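Below are some comments on the model you sent, set out as numbered points. Please read them with the coordinates open beside the text.

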Amino acid sequence: RLPIYNRKISGHVSDSAKDLIAKLMERNPDRRLTAYEMLQHPWVRGETATTAVIAESDKRLSDYKGITLKLQAKFFENAIKWSESSDPNEAAIRRTSLIERSFKALDVGERGFLTTKEILGPNEENTGNMEQIQEEGPSINMTDFKNLLSENVENKYFPAGHVIYKEGATGNSMYFLESGSVEVITEGTRAVRSAGDFFGEGALLNENKARSATVRCVTPVHALEISREYFEKYISYSESGLFLILKEKDKIRKRNRAKTILRMQKDLKTVAVPRKAKLFKNGEEGDTLYIMESGKVDVQIRGKTIFSCFPGNIIGEHSVMTGHKRNCDAVCVTKEGCVAQELPGHHFRKLLESSPSIQDSLRELQLRREFKKAVVNRMRREFPYENPEAAFKAADIDKVGGLDRESIAKLMRELNPEY
């Protein structure tokens, strides 16, 4: 008989953990758990974590029930923001579990435990018995932290080749990758997401709730699944505009997908221009879209830069989408010159008609750029990316502290009287 059943040795271990250990130590290899079966066990998935019989754990965790949701919301917010990190050491950092990374982010004193003050923050008001816990000092360790998170964050394990969901299906959850990688497939494009990234948020952000792509496991995957219910709760707890961050991330991903599809089109013609030359000029007729291959192109009005385009970016969407003349200059500013792929307007519009998602993504990109052009046109200087308040003040010409439909229309008509 295995010593795991000796109470003197394992009295502090939960029944679920004992069951797992026993099945892993099975002498008969035919009955022993495989690695995949182990990952599906309730103890590994966290389904029994909150009932674990650990000395003093029940009391500590019950004391923290009042702030469990806030703790989970902090983890959710951190995981979203970390996926956007530009830290040069990010590749190494991503090898650390998201849960462990979140715990360490809160454990600023590196003591191996968290106090109420570290979880709630110094400006939060404690309720119930939280003040008593804070006075008593350390409260939860890494294991407790994992147990608290597991209440509404479910561990999922998938084998390589498994399809997590298909394009068009109704989506009611999103996922954070703890380990492994997945590929996001749609309309002939493929993007890879790896540990530390997330996917599936689009169906939770959009009204139709439909998956915009198929997601398949490239390797064995460990993911954290968050349901729509708790996604909405975590968003409501955020004070840092997390909903807008997620919406913007979703839009960027869809725009990048659209750009990839454009680069895959036939009938592309290579165009090369030297430094200071223009791909197109303000006021000229134009029914072609350009996809940058190399170099940098500044899009300008009266010599003032609105935005810059780099390899992979598109230019000239205004004319091919509206049928109007060019309303800006596209100037090559790279010493070695610039190279772009030229796509005929009729081919571009045919593509938009066949793909509503591409049409929506590029239409929004075009409107954003038109707004920036209008701001630069009014300010008579380059768009102030480092000082967005200046752009807002330029648009808020009536100084009412807000932008309504008419104030935006007035701004746009200065750029185009027919707006």
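1. This is a predicted model, and I begin with its helix packing. The axes of helix 6 (residues 68-82) and helix 11 (residues 142-150) come within 9 Å and cross at roughly 95°; since angles of 65 to 115 degrees count as roughly perpendicular, helix 6 and helix 11 are therefore roughly perpendicular to each other.

2. The contact between these helices involves Thr68, Leu71, Gln72 and Phe75 on the side of helix 6, which meet Phe145, Leu148 and Leu149 of helix 11. By residue class, the contact of helix 6 with helix 11 divides into 5 nonpolar and 2 polar residues, with no charged residue taking part.

3. Helix 6 also packs against helix 8 (residues 98-106), where the axes come within 10 Å and cross at roughly 105°, so that helix 6 and helix 8 are likewise described as roughly perpendicular to each other. Helix 6 contributes Leu71, Lys74, Phe75, Asn78, Ala79 and Trp82 to this contact, while helix 8 contributes Leu98, Ile99, Arg101, Ser102, Ala105 and Leu106. The residues of the contact of helix 6 with helix 8 divide into 8 nonpolar, 2 polar and 2 charged.

4. As for helix 6 itself, its 15 residues reach 21 Å from the first C-alpha to the last, which is close to the 21 Å expected at 1.5 Å a residue. Helix 6 is mostly covered, with 11 of its 15 residues buried; among them are Leu71 and Phe75, together with Lys70 and Glu77.

5. Turning to the sheets, one is an open sheet of 4 strands in the order 1-8-3-6, with antiparallel pairing. Its edge strands are strand 1 (153-158) and strand 6 (198-199), each of which pairs on one side only. Strand 1 is joined to strand 8 (residues 221-227) by 6 bridges, the two running antiparallel, and within strand 8 it is Leu224 that stands opposite Asn155. Helix 13 (residues 228-237) lies across strand 1, strand 3 (173-179) and strand 8, and runs at about 75° to strand 8.

6. Another open sheet of 4 strands has the order 9-16-11-14, again with antiparallel pairing. Strand 9 (269-273) and strand 14 stand at the edges, and each has a single partner strand, so one side of each is left without a neighbour in the sheet. Helix 14 (residues 242-263) packs on this sheet, touching strand 11, strand 14 and strand 16, and its direction makes about 95° with that of strand 11. Helix 16 (residues 345-354) packs on the sheet as well, touching strand 11 and strand 16, with its direction at about 70° to that of strand 16.

7. Strand 11 (residues 288-294) deserves a separate comment. Which strands does strand 11 pair with? With strand 16 (residues 338-344), strand 11 pairs in the antiparallel sense over 6 bridges, and Thr288 has Pro344 of strand 16 as its bridge partner. With strand 14 (residues 314-315), which also runs antiparallel to strand 11, there are 2 bridges, and the bridge partner of Ile291 in strand 14 is Ile314. Strand 11 is mostly covered, 5 of its 7 residues being buried.

Note on methods. Residues numbered from 1 in each chain as written. Predicted model: local features only at pLDDT ≥ 70, side-chain atom pairs only at ≥ 80, totals over all residues. Heavy atoms only, no water. Pairing = 2+ DSSP bridges. Contact = heavy atoms within 4.5 Å. Axes fitted to C-alpha atoms, helices over the stretch in contact; angles between N-to-C directions. Parallel < 35°, antiparallel > 145°, perpendicular 65-115°, else oblique. Nonpolar A, V, L, I, M, F, W, Y, C, P; charged D, E, K, R; others polar. Expected span 1.5 Å × (residues − 1). Buried < 20%, exposed > 50% of the residue type's maximum accessible area, 1.4 Å probe, protein only.
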